[in-house]
Every structure is written in structure tokens, then in C-alpha cells.
Amino acid sequence: MPSTSLSRRTFLKTTGGALVGTLAFASGPIALLAPSRSWAMPLDALSSHEGEVLLQVTKHLFPHPGLEDAVYAFVVKDLDRAAEAEANRTLLQGGVKALDDDASGDWLALAPNDQYLRVASLEGTSFFEKVRSTAIVSLYNNPLAFTHFGYQGEEGDKGYLYNGFSDLTWLPEPPQPANGYMPGEVPS
Amino acid sequence: MAMTDNQTRFQHDDDHVAVIIGSGAGGGTLANELAQQGIDVVVLEAGAIHTRDDFLADEWASFSQLAWLDPRTTSGSFRLAKDFPNLPAWIVKSVGGTTVHWAGASLRIQPHEFRALSEYGKVEGANLLDWPVTYDELAPYYTRAEDRMGVTRTNDIPGLPGNNNFHVMYTGAKNLGYECNTGHMAINSQIRDGRASCQQRGFCFQGCRTGAKWSTLYTELPAAIATGHMELRPQSHVAHIEHDAQGKVTGVVYFDANGDQQRQKARLVAVAGNSLETPRLLLNSASSLFPDGLANSSGQVGRNYMRHTTGSVYATFDEPVHMYRGTTMAGIISDEAHHDPSRGFVGGYEMETVSLGLPFMAAFFDPGAWGSDFTGALDQYDHMAGMWLVGEDMPRESNRITLNTDLKDAFGMPVANVHYDDHPNDIAMREHAYRQGSAIYESVGAKNIYRTPPYPSTHNLGSCRMSQRAQDGVCNGFGQSHDIPNLFISDGSQFTTSATENPTLTIVSLAIRQAEHIGQLMKEGIV
Ligand SMILES: Cc1cc2nc3c(=O)[nH]c(=O)nc-3n(C[C@H](O)[C@H](O)[C@H](O)COP(=O)(O)OP(=O)(O)OC[C@H]3O[C@@H](n4cnc5c(N)ncnc54)[C@H](O)[C@@H]3O)c2cc1C
Ligand code: SF4
């Protein structure tokens, strides 16, 4: 790698990079929640390029058609947080660098299928496992993901008793007593 | 105001108190039952007090708040050793123990299951035994426990209303000729015993904020405190139990909230730390008189650990289900719970609805997974129904809790290692259960059907089992240890066999019966 880009990397490492994007699905449920269509996720330990590669790697591991990059960015955010520890930073930056080095310096420039094959071949490495195990929590544990996948999260706190716990209409209603009784309802 | 603010306090050198270790299903119930008799009790609980107001409607945050996260290790061929090597069990470390997390399913063990060895015959590679208690002996205590816990469909308490996940299970069950209803649940379907009725929140595994679900946290423990005969000491982690030259236990050494070592004297000690910590504590209490640990002359302490044969089936449909709305365990099928060896295994299993929120679904659906099969399932999350399979697993001497002396906890004590190999009977049963569970959903028109491997064990049993003869187990039919008359086992570790049913109702019934027995022994001057 030429020394100019090396020093650029060092520069970004100390100042941190950022992930920026625009929501792809203007009328999707997430867009309805978001204050604006463009989003940005500042990074502290990783460079913008490293963040972009890690976002793309996560998308290959957990492909959800129609899931906004803004949700995948939560994974990068948590990897960035982990990368504040030296060992994790070395692991993540090393993983990104190895992907780039193997792809004439720019893994992101490869065709998606080629990217996928190279990521898949890393299964079992600690880099792969770090991204996978972070993503399995971060990707599915945020309000945007809840909206996307149709989980109501904290809304349940007040209870679904009068709000959809048995609103399924595509099957016949089971009979009582098997189906139980609402509070206050007296079994006849 | 904390529940402990105005409680009676006992001196550390007061040797007339009964010390109970753990405040969950076993310990919390025993404490109340003793206190109601006027017996002075000190409960030492490793976890802190988290009240209903503290509970979180957020799976991971709640897990960090309540779960037992002190280190444990695993070995053996069971899949958990690979998936969650340091989390073999899902247990709570908090006042109220795992009754804070539990789903509330409250089923009686069937009469024949108390006679597992006689009914099933010898099973190669298993250490089956009959319980020293019969169903008929326990029946009156089951009745009292059901009333105490407010179990639906007993004591004229109506069944809970069925949620969407139940509706799917019910339809499939009927298609296969099974019976199915909303179960026997220790969850109020109506206001009862000063507690609200269930609001169908769907966060039963995260602590019930309404108090509709029975937990010792807000039933047995405050009731015991109110008698003036019980002191609850949270954040008190017992490290070992002490004894005198005659071999009777005299008290315990524990670490308080500040990490300072304390010693509480006792007339008797009852251990109810759940089936990993109970044997660990006995083993960690080894002395020159008892070099293999307390109550271990049989060598059975820690052995015959059981965790039920489990697995889950999730299925997706064209139409939405939203299974996470409402009680987590909302329906039960018991038609496979009987013993019928023609199915290729002894014992039986239950099918119970289960649901996980999106975060836990991702973590537990297929641990270690990635790629489009996995994401394809999660893409259908709101169109998914689920059930948990839970059946009798075989006690094996080699499935055991031992001390891992290479790893110490915060107080320098060796941690528990959990070794488990599935018995061929467990594997055959799980396969049968997966097939029947899948057939249920297929009959309702499922698009995809998924077999999910066992979660970290929620039912932990048998590691200090009851036995008629001292050489076969650790305690007698009242949970009194064979070796030491004033040392009792008061939790699920006592189970001689796992039986099919979710264990808590039986743990509570045994605790009520044990309390009566202890009261008698005290009157007779034996303890
Ligand atoms: C998610 C989930 C769902 C469940 N659903 C059901 C269900 O529907 N039906 C059912 O029957 N069962 C269910 N269970 C199981 C049920 O919760 C347990 O069987 C029951 O709580 C066990 O009671 P116990 O007294 O043995 O232990 P616990 O209730 O776990 O109590 C043990 C207590 O001892 C404390 N302790 C341990 N070691 C020490 C020490 N050294 N010093 C001081 N304190 C100590 C622990 O912190 C804990 O509070 C479920 C469990 C889970 C996790
Ligand atoms: S669903 Fe019912 S039992 Fe479960 S947490 Fe909510 S109110 Fe409690």
C-alpha cells in the first residue's frame, strides 16, 4: 500500500470517519420514522472507508432485501465502539485491509457476488466472527429494525389485551373453554 | 421504600435461625412456609432487589439486569457447549430467582412418572430411579401450591384468553386430533390475591410488571417478611457451608454487597440455589471431615443433572401472526406426555407455545447462523408462530456439575462446570417432537418450518437427587440430606427424574411439604 494512503488512514483513525447515506425506500416504514431522508453515523475509531467495508460485509452476512443501510449502520457503530480497544481495532482494521489487499486495494469495487464469496471464505476467522457476533445483536436490537421486521418492542409494555393480542382473523376463533376468558368475563 | 426496610433483623451469631440460600421458587416458598409457622429464617440471596417497576420491556437490557452472568463452563457433546459455552443455563440472579423470568406453566408430574424405573424398566446408559415420594403423597401439596400460585383451570380460575400464537397452535392441534387449551398457568386471568390480571404484554421472560404472574418476589417473600420471622438479605453470596466436629452444619460464610466476608450461624441450612449452584456450594464446602463435599458420601452430588429434552419449532405463514403479543406460553398440548415406548423412547413431552422478541429470535433461532436461510426466516418474523418442546430427559451419572478449579468467581471460589451428553432416548424423543410439532404447523398451511436447537437451559434439575437409599442419591423424600440431618436441599436439584412437566409447581409443592416436615423435626428436637 502506498505511503500516502497509509498516512491518510492514520489521520482518519485519530479523527474518526463517518458513514453517510440516504434512505432508499422513501415510503417505507423507516422513512416514516426518520426526520429526514439522509442520515449520518459518525465514527470514532474507524475510518469512513473501514466503516463502509464493514457495512458491506454485514450486508453480505445478513442480507435483508429492503432493509435500509441506516439499520446496518448500527452494526458499524457498535464495531466502531469495540474498536476503541486496541485488540479489536487491530482485528477489524486488519480484516478490512486483508480484503482490500486481496482485491487490488479496493474490495468495495468488486462485483457483489465476488465480494460475497470472499467474505464467505473467511468463516471461522476471528474477523468474520467479530462482525457476525456483533451484527446478530446490533442489527436486530434497535427501533428501526423493530419497525422493519414488524416487532413492536416496548409498545408491548402497556399490554396487548385490548390492542391486538388475538386479532388474527385468518383462522376460526377457538371455542371456550379452550380459548379461555377475558378478565371479568364469567365462564357460563 | 425497599421491601426489606422494616423487616426483622437477626444477629450473625444467632444460631437458632434457619438459613435458606436462594429466594427463588424453592427458597422463597420454603421461607414463607417456615415463617408462617413462627420459625425464624434468614434468606441469603446472591442477587439484588429488582422490583416490578424496575423491569424492562427490552430483551437484552433485561437479560443484563436479571440473569446470572457469573462465569460457568461446559463440556460434553450437547449443542449448548458449542453455541453458548459460558451460558449453559438461563437462570436469574435477583431476589425472586428464576420465578422472575419464568413463563408460568404449572403442570403436575404424572403419577407414573414418580416411578420412572419401575414403569420404564432399566434403560441402558441411564440412572433411572423411583422417587421416594408418590404422587398421592404429593397431591395435597399440589392442591395447596395451585391455590397459592393461582394456577388457571384449577380452583375455579378461568383459563387465560388465547393469543394469536395460541390460535395457530390450537387449529393445528385439532387437525392432528390433539387436545389444546390455554394451559395451567400461574398467571392471573382475573384479579386475585391482591394481584392484577394479565395485560398480555408478552414480556413474561423479562419480569411481569403487572404482577399477574406469580413470583416469590412479590408474593412469598413479602408475606414472609410481614410475619416478622424472616429477614431477607439481598446481594449475599454464600461461598461455603460450615459444620462442627459431629458433622452437623452450623452456619454459612457469605460475601455481602460490599464484598465483605460474613458468617451467619444457623440451626439448619436449606440450599435452594438452583441445580447448578446447589451442588457447587456443597462441593465447595469440602472439609477434612467431608473431603468430597457436604452430603456426598454417595458420590452423587452434582450427578444426574437433567435439563429436559427441548427444542423449538417455528413456522411461517402467508398471513400475519404477531406471536410476541401476549403471554409467552399461551397454549399447551399434553397428548404426547404419556409413556408409550412404541414411539421409540420412554417418557413423554409437552408442546407449549413460545415466542421470542426480535432480538432474542436473532440470537437463539440458530446460534452461529448467518446467510440467506437465516435472514429469510427473520424476514417473516411477524408471520411466524412458535412452540417449545419439553420432555423427560434421562438422568445419567456422567451428566454432572463439577468444580472447575481453573476458573474462580469474584470471591475466589471455583465455578461450576456443566457436563452433558444427550442420551439416545433424548435424541429419539426430540426427533419425534420436532416431527409432531412440524406436522401441527404444516396442517395449518405453514410456508417454512424451522427446527430451533435448545436454548440455554431454563429447567435445571436433579443434581442432588432424592432417593430411598442413601447410596443412590443425596437427600430423602423430604429433601433432608442423607448424611447431615440439619442440611436440606430445597430446589429443583432434588428431582429424582425430570418427568415431562415444567418443574416449578413441583418445586413449590415439595417446598411446602418440606416446611411442614422441618416444623415437625424442630418440635421433636431433631433439628
Ligand atoms: C425463561 C424461563 C422460562 C421458564 N418458564 C417456566 C415455566 O413456564 N414453568 C416452569 O415450571 N418453570 C419455568 N422455568 C423454570 C423455573 O423458573 C425454575 O424451575 C425455578 O425458578 C427454579 O427454582 P429454584 O428454586 O430451583 O431456583 P431459582 O428460582 O433459580 O432460585 C435460585 C436463587 O438462588 C440464588 N443463589 C444461587 N446461588 C447462590 C449462593 N451461592 N448464595 C446466595 N444465593 C444464591 C440465585 O441468585 C437465585 O435467585 C422457566 C425458566 C426460565 C429461565
Ligand atoms: S403477558 Fe401477562 S404474565 Fe406475561 S408479563 Fe405480561 S402481564 Fe405479566
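Helices (H or I, at least four residues) and strands (E, at least two) are DSSP runs, numbered from the N terminus. This is a predicted model, in which local features need pLDDT of at least 70, side-chain atom pairs count only at pLDDT 80 or more, and totals for chains, interfaces and linings use all residues. Residues are numbered from 1 along each chain as its sequence is written, chains are lettered from A and ligands numbered from 1 in the order in which they are written, and side-chain values use heavy atoms, with hydrogens and water left out.

**Exercise 1. Backbone oddities**

Task: Find where Gln200(B) sits, and say what sign its phi has.

Solution:
- Step 1. Gln200(B) belongs to the loop between α6 (164-175) and α7 (220-226) of chain B.
- Step 2. Its phi is positive, about 60°, although Gln200(B) is not a glycine.
- Step 3. For a second backbone feature, turn to chain A: the peptide bond from Gln176(A) to Pro177(A) is cis, with omega near 10°. Pro177(A) is found in the segment after α8 of chain A.

**Exercise 2. The shell of ligand 2**

Task: List the residues around ligand 2 and sort them by class.

Solution:
- Step 1. Keep each residue that has a heavy atom within 4 Å of the molecule. This gives Ile187(B), Cys198(B), Gln199(B), Gln200(B), Arg201(B), Gly202(B), Phe203(B), Cys204(B), Cys208(B), Thr210(B), Lys213(B) and Thr327(B).
- Step 2. Apply the classes: Ala, Val, Leu, Ile, Met, Phe, Trp, Tyr, Cys and Pro count as nonpolar, Asp, Glu, Lys and Arg as charged, and the others, Gly among them, as polar.
- Step 3. The shell then holds five nonpolar, five polar and two charged residues. Gln200(B), from the first exercise, is one of the residues around ligand 2.

**Exercise 3. Pockets and a cavity**

Task: Which residues lie closest to the centre of the largest pocket, and which element gives the most to its lining?

Solution:
- Step 1. Set up a 1 Å grid over the protein atoms alone; a cavity is a set of points where a 1.4 Å probe fits but cannot get out, a pocket is an open set with protein on both sides within 12 Å along at least five of seven lines, and lining residues have an atom within 4 Å of a point. Grid points are joined across faces, edges and corners, and a volume is the space filled by probe spheres set on the points.
- Step 2. The largest pocket holds about 340 Å³. It is lined by 15 residues, and Arg132(A), Ser133(A), Ile136(A), Val137(A) and Phe84(B) are the closest to its centre.
- Step 3. Two or more lining residues come from each of α7 (126-138) of chain A, and α2 (59-66) and α9 (358-364) of chain B. The most come from α7(A), with five.
- Step 4. By class, this lining has 10 nonpolar, two polar and three charged residues.
- Step 5. Now for enclosed space: there are five cavities of 30 Å³ or more. The second largest has a volume of about 120 Å³; among its 16 lining residues, Glu59(B), Gly202(B), Gln206(B), Leu356(B) and Gly357(B) are the closest to its centre.

**Exercise 4. The interface and its charges**

Task: Describe the interface of chain B and chain A by its contacts, buried area and salt bridges.

Solution:
- Step 1. With contact taken as heavy atoms within 4.5 Å, 54 residues of chain B touch 49 residues of chain A.
- Step 2. Buried area is the accessible area (1.4 Å probe) that two parts lose on being put together, summed over both. The two chains bury about 4200 Å², 61% of it on carbon and sulfur atoms.
- Step 3. His167(B), Arg325(B) and Trp370(B) supply 18% of the area that chain B buries against chain A, more than any other three residues.
- Step 4. Count salt bridges (a side-chain nitrogen of Lys or Arg within 4 Å of a carboxyl oxygen of Asp or Glu): three cross this interface. Arg325(B) also pairs with Asp167(A) in a salt bridge (2.9 Å, N to O).
- Step 5. Widen the search to the whole structure, and the total over all chains is 31. One within chain B joins Glu277(B) and Arg72(B) (2.8 Å, N to O). Glu277(B) is in helix α8 (residues 274-284) and Arg72(B) in the loop between α2 and β3 (73-75), 205 residues apart.
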